[in-house]
Amino acid sequence: MIAVVAVILDHLVGWPLGGFAGVDIFFVISGFLITGLLIREHERTNRISFTGFYRRRLKRIVPAATATLVLTIIAAFVLFNTSRFAQTAWDAAYAFLFSANWHFAAAGTNYFSAAEPPSPLQHFWSLSVEEQFYFVWPWLMVGVLTLVGLWTRAGMRRMVLGIVMLLIVAGSFGWALLDTVGNPTVAYFSTFTRTWELGFGALLAIAAPWWAKLPTVIRPVFGWLGLFGIVASYFVINDSIPFPAPWAALPVMATGLVIIGGSGGRQRFLWPLTNRVSVFIGNISYSLYLWHFPIMVFAAIVIGTNPWLYFPLTVALIVVFSIGSYYLIEEPVMRSPWLEPARRSARHQNWVSWRQRFGARLKFGWLGALAVASAAIVVMGLVTTEHTVRPSASFAVPTTEALEPLADGASVDRQVKTAAVLEQASIEEALQAKSFPELMPPVSDLGLSAWSDTMRATACLNVDASNLDACAYGPTDTGKDVVLFGDSFAMAWLPTVRAGFETDGWRVHQLTRGECPSIAVEVVHQDSSAYPECAPWREWALETIDLINPELTILASAYTTADRMASNPSPRELRVELRVGTASVVDRVVASSGRTIVLGSPPIGSSLRDCAVPGATPSACIAKIAFPWTAFEESQRAAVGEGPAEYLSTKSWFCGSEDRCPAFAADTPIRTDGTHLTIEFASLLGPVLREAVGVMASSEAVPAAAAEPRASGGAG
């Protein structure tokens with residue numbers, strides 16, 4: 001009860017911050033219970049029945065989990081777009097095969113996959129860890145007990161088994177310490193870095209005879225200390241501290257104290273855990289854990305995010321589905337003769353007895369479930385009514401050829417205004433839209449993974465000395481070079497720079513590396529692991545700019561850099577660090593570049609894959625500008641100041657009145673996820689960028705700053 005309530009609260013409302021440690025409590029309890037059952041069976045019969053063990057595991061785990069997976073896939077088919085449904089189906093396949101933890105670990109270590117919306121089945125990773133542990137531990141137990149049983153008594157068998165498990169726990173904890181620092185995402189999901197938690201529970205079970213000898217007066221003290229330790233861990237632990245090692249040790253050890261306090265007889269004084277409500281919630285905790293996350297994900301789509309509706313209705317749905325799952329699936333299956341060995345006559349009688357006990361419950365329960373399902377289908381049918389497609393012209397920014405000179409060079413002012421005005425008009429139109437247009441590309445083709453696959457196909461996802469020449473575009477003999485320098489946001493700007501400059505005879509040089517901003521700050525990966533490769537790469541890029549000696553250098557970085565600062569600064573320190581880091585790079589670049597522009601980061605937006613769901617309207621996809629984007633914008637603008645570099649804000653390219661930012665303009669999605677630009681929209685911004693920079697396609701001249709004499713070779 002203490003574990004599952006914390007997990008649900010953490011997922012639902014984000015409080016307490018360490019509520020995810022409830023999973024670690026599950027691991028300890030599970031290791032304790034399973035090991036206790038196995039060791040008592042061995043002491044009673046001098047053997048462990050693997051068929052009996054896995055039969056019980058199958059009946060306990062698989063039916064309710066399978067029902068959750070099937071209904072989640074059906075709901076995903078109805079409520080998700082095609083690509084997200086396909087991903088959910090794959091997630092279900094991995095979950096069914098008890099390998100979800102490795103599947104989600106692989107996705108989490110991929111920067112582009114990690115940015116995708118959460119899977120409604122992501123919580124199945126912990127079940128996979130437990131079952132993988134159970135595939136190995138019983139066999140190891142039998143091996144150890146068989147060997148030591150040849151010459152030792154029962155007490156010594158437990159001691160030797162405890163020593164073996166202690167070595168496993170120590171090794172797993174050491175591995176977790178290393179992986180938590182070097183690869184925290186894998187450490188979170190890995191069976192190897194979580195085994196120590198299950199193993200600690202196993203140690204408690206092995207030592208159970210010793211705990212039972214504790215004086216009765218001391219046991220409640222252990223129980224209360226453990227309970228306070230568990231609650232404290234929910235508030236001490238957060239996602240900014242090393243986890244699972246060493247900080248998972250706090251809830252793990254605290255859970256051990258509660259278990260020790262409950263060994264040797266009924267615990268009479270630990271009323272928070274022994275009252276009827278807590279016991280009932282504990283009984284249905286498996287169903288609560290299975291159903292809470294998919295219901296939360298789907299409820300956000302069907303109900304919306306109004307807290308006065310979303311929270312009470314979501315909690316009600318979680319409770320209803322969980323109670324139904326427990327009484328209609330979990331308990332009947334666990335108590336059934338299914339898979340139990342028996343003679344034919346006895347098996348028939350067992351089924352008769354089972355039907356007498358559960359028949360009425362299942363009959364009327366499933367009739368009620370059918371009524372609820374029918375109502376849900378009707379609601380989904382209303383929700384998924386096809387949108388009216390709003391006629392929309394393509395976002396057509398005029399080309400240079402379409403803008404004839406007015407007179408005496410007046411075309412320059414007109415062209416600059418025309419591209420910006422048309423683009424901004426499409427933003428305002430999207431903010432007022434009542435229905436989605438027929439988007440191109442369609443929502444099913446969006447997603448950061450698909451975007452990265454397209455970018456990776458050019459072999460220029462990350463640029464270094466090995467592919468530098470291959471990642472330059474345009475003519476080589478015009479003497480006009482533009483460098484695009486930065487992280488994945490700079491990659492997303494590449495179609496814009498190419499559309500704005502390459503066709504006008506400029507050669508575009510791409511100097512990008514994922515998660516490595518153009519500004520000189522120390523950052524960590526998206527999963528909080530160290531990123532020591534970023535600083536050397538940035539130095540190489542600056543030296544390369546010096547060698548290219550371009551007419552124009554564009555610096556672009558993600559505003560989310562502010563969330564990945566290795567120094568974990570305060571808001572005030574953050575602004576200072578960003579400003580100093582930007583200024584130091586600008587000083588280097590202006591010495592070797594005719595003109596230097598710091599291109600503002602696109603503000604945050606909504607992911608159409610999340611918000612453009614059946615029944616939704618475009619208003620659900622409007623985002624508001626907020627911190628940390630404002631801090632990043634202000635810091636970079638301050639760093640440029642009145643110096644030789646220029647700051648070009650792009651806010652008006654993406655947001656309209658009241659700093660509201662739509663997810664599409666005309667019929668083109670703006671972002672492939674919530675941050676990175678789609679290739680199609682980025683390409684359409686080419687003329688807007690060109691005009692904002694002041695480079696005219698009809699002019700052979702380079703910017704005025706570039707025409708000034710420069711020292712050959714730039715800054716060393």
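## Tour from helix H2 inward

Start by selecting helix H2 (residues 22-45), which gives the most to the lining of the second largest pocket: eight residues. Helices (H or I, at least four residues) and strands (E, at least two) are DSSP runs, numbered from the N terminus. This is a predicted model: local features need pLDDT of at least 70, side-chain atom pairs count only at pLDDT 80 or more, and totals for chains, interfaces and linings use all residues. Residues are numbered from 1 along each chain as its sequence is written, and side-chain values use heavy atoms, with hydrogens and water left out.

Next, show Ile29, Ser30, Leu33, Gly282 and Ser285. Of the 47 lining residues, these are the closest to the pocket centre. A lining residue has an atom within 4 Å of a pocket point, on a 1 Å grid over the protein atoms alone; a pocket is an open set of points where a 1.4 Å probe fits, with protein on both sides within 12 Å along at least five of seven lines.

Move to helix H3 (residues 50-79). At 1.5 Å a residue, its 30 residues should span 44 Å (1.5 Å times one less than the number of residues). The end C-alpha atoms are 42 Å apart, which agrees.

Now select Phe124. Setting aside neighbours within four places in sequence, Phe124 is in contact (heavy atoms within 4.5 Å) with Ala65, Thr68, Leu69, Ala95, Ala100 and Leu290.

Finally, colour by secondary structure. The protein chain has 29 helices and 10 strands. Of its 716 residues, 52% are buried (under 20% relative accessible area, 1.4 Å probe, protein chains only).

Terms used: Buried < 20%, exposed > 50% of the residue type's maximum accessible area, 1.4 Å probe, protein only.
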